[in-house]
Amino acid sequence: MENNSIELHNKLDSINKKYFIETYGCQMNVYDSELVATQLENSGFEKTENIEIADAIFLNTCAIRDKAEETVHNRLSNLHNLKKKKPGMILGVLGCMAQNLKNELLESKPFVDVILGPDSYRRIPELIQSRTQENNNIVDTKLSKFEVYEDLYPSRNEGINAWISIMRGCDKFCTFCIVPFTRGRERSSSIESIVEEAKKCVAEGFIEITLLGQNVNSYRTPEGAFPELLKEIAVIPGVKRIRYTSPHPQDIDDDLLQVMKDFDNICNHIHLPLQAGADRILKRMNRTYTKVEFLNLVDKIRKYMPDCSLSTDVIVGFPGETDDEFLETLDVIEKVEFNSAFMFKYSSRPGTKASEYTDQIDENIKQTRLESLILLQKEKTLIANKKLVGTVQEVIVEKESKKSEHQWAGRTNGNTWVVFDKSNESIKDIIKVLITDARGITLFGQREN
Ligand code: 5AD
Ligand code: SF4
């Protein structure tokens, strides 16, 4: 009798198991969390937004800078307390930190049950099963030369934009970057499978597709490279906007710019990571372009698409960066007038080439450089946005503005947020907005009839 009731209890338990995933880092992690969610749901788990009642908690982690790792370490210590109250709970670390720090995690956080690198998510159902049966730690951080999860469809949250991963890994080996180590070698999904996924996304109601890859424009298959893929996606009925991130300047060629110019639904926006302005630093970073080559590329992009918006990533305080070399970075920011920028202090990542350089920069200097860079970029963002005042922009109504329930917020083709008064539109409508003002990083406008 007692045995029967335990059996029944176990069955009910597996039916009602709840999972909770917390995602850190880049959009690829957001995408991967959606893949993991599919896997868990296929194994009978249900999603919960309430971490307190979850039977399995996964942190999908990032290793790009030390701060990202620190946040996860702190979070894990917190969750240890929760686990003490719920000993049967499964705690998993996924993603780049799992890949990078598996031994350290096993030693310092033995209460973590599952450690899975970015190429091991296919094994989740099987691993969860064996974990429930055996109570052992499970570690799988083998990197694959082939895994692209082509046949797995992520459980996406509803919205305007669907992310589609088209390639994984990175072969560029910038000397500051941990990604080639945590994500492994470049590999691309087939054009056919990506087109199929994009069609599915449209059928589910998404109108914008963002193609994702650590090195997105290095996408390459026997059937074609990145420009061919873009063309194929652009002709799918119902795809109103296409974006992609993150490209490397080296792989932006005439074919790509021509396709962007030819198709109205491919957004005129390029994220063009600069990283640094001085040639010596660019060389030490292994970025494969000089300052002049970068500036020439910007000119070329603007020749193809005069209204193309540009965003960038910049690192300050790379080992050995002198004051003058930092000024070269500011000079590029001054000249290009990017619409926006992500700006970082260099963070040494053990295992990368740059972490071995002996001329690391003092933290205070990095901080001062970061502050002056942010100040200059703020000015440039405002200048770029002010140029749009008086123009009419096509905007997708995306959500209610945070500041007022009487206003909408949506993005322009160039990826800038616009706030405007509500009239009779609905979310997902594509409307024309006359830009009347630019403040901070936001545009303000009125609907044109
Ligand atoms: N330190 C600081 N920033 C980094 N990035 C990558 N690695 C590091 C590092 N070690 C930045 C780069 C990259 C962006 C995603 O993160 O600017 O483009
Ligand atoms: Fe990192 Fe460079 Fe690859 Fe980008 S291109 S993921 S910065 S190694």
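**Cavities, a pocket and a ligand shell**

The largest cavity is lined by Tyr-31, Val-148, Tyr-149, Glu-150, Ile-164, Ser-165, Ser-189, Ser-193, Ile-194 and Glu-197. The structure in which this space was found is a predicted model. The volume of the largest cavity is about 60 Å³. Two elements, strand S7 (161–165) and helix H7 (191–203), each contribute at least two residues to its lining. Of the elements, H7 gives the most, with three residues. When the lining of the largest cavity is sorted by class, five residues are nonpolar, three are polar and two are charged.

The search of the whole structure yielded two cavities of 30 Å³ or more. The general principle is that rolling a probe the size of a water molecule over the atoms shows where empty space is left. The second largest cavity holds about 30 Å³ of space. Its lining is formed by Ile-242, Arg-243, Tyr-244, Cys-267 and His-269. Strand S13 (residues 241–245) provides the largest share of this lining, namely three residues. By class, the lining of the second largest cavity comprises three nonpolar residues, one polar residue and one charged residue.

Pockets were also examined. The second largest pocket encloses about 490 Å³ of space. Its lining consists of 24 residues, and those nearest its centre are Pro-306, Asp-307, Cys-308, Ser-309 and Leu-388. The elements that supply two or more residues to the lining of this pocket are H9 and helix H11 (291–304). Ten residues of the lining of the second largest pocket are nonpolar, eight are polar and six are charged.

Helix H9, which contributes to that pocket, also packs against another helix. Helix H8 (residues 226–234) and helix H9 (residues 254–262) meet at an angle of about 15 degrees, and their axes lie 8 Å apart. Because angles under 35 degrees count as roughly parallel, H8 is therefore roughly parallel to H9. The crossing of these two helices, H8 and H9, is left-handed.

Finally, the surroundings of ligand 2 were determined. The residues around ligand 2 are Cys-170, Lys-172, Phe-173, Cys-174, Phe-176, Cys-177, Val-179, Pro-180, Asn-215, His-248 and Arg-287. In this shell, seven residues are nonpolar, two are polar and two are charged. Cysteine is counted among the nonpolar residues, so Cys-170, Cys-174 and Cys-177 of the shell around ligand 2 belong to that class.

Methods
Residues are numbered from 1 along each chain as its sequence is written. Chains are lettered from A and ligands numbered from 1 in the order in which they are written. This is a predicted model: local features need pLDDT of at least 70, side-chain atom pairs count only at pLDDT 80 or more; totals for chains, interfaces and linings use all residues. Side-chain values use heavy atoms; hydrogens and water are left out. A residue is near a molecule or strand if one of its heavy atoms lies within 4 Å of it. On a 1 Å grid over the protein atoms alone, a cavity is a set of points where a 1.4 Å probe fits but cannot get out, and a pocket is an open set with protein on both sides within 12 Å along at least five of seven lines; lining residues have an atom within 4 Å of a point. Grid points are joined across faces, edges and corners, and a volume is the space filled by probe spheres set on the points. Helices (H or I, at least four residues) and strands (E, at least two) are DSSP runs, numbered from the N terminus. Axes are lines fitted to C-alpha atoms, for helices over the stretch in contact, and angles run from 0 to 180 degrees between N-to-C directions. Angles under 35 degrees count as roughly parallel, over 145 as roughly antiparallel, 65 to 115 as roughly perpendicular and the rest as oblique. A crossing is left-handed if the near helix is turned anticlockwise from the far one by less than a right angle, and right-handed if clockwise.
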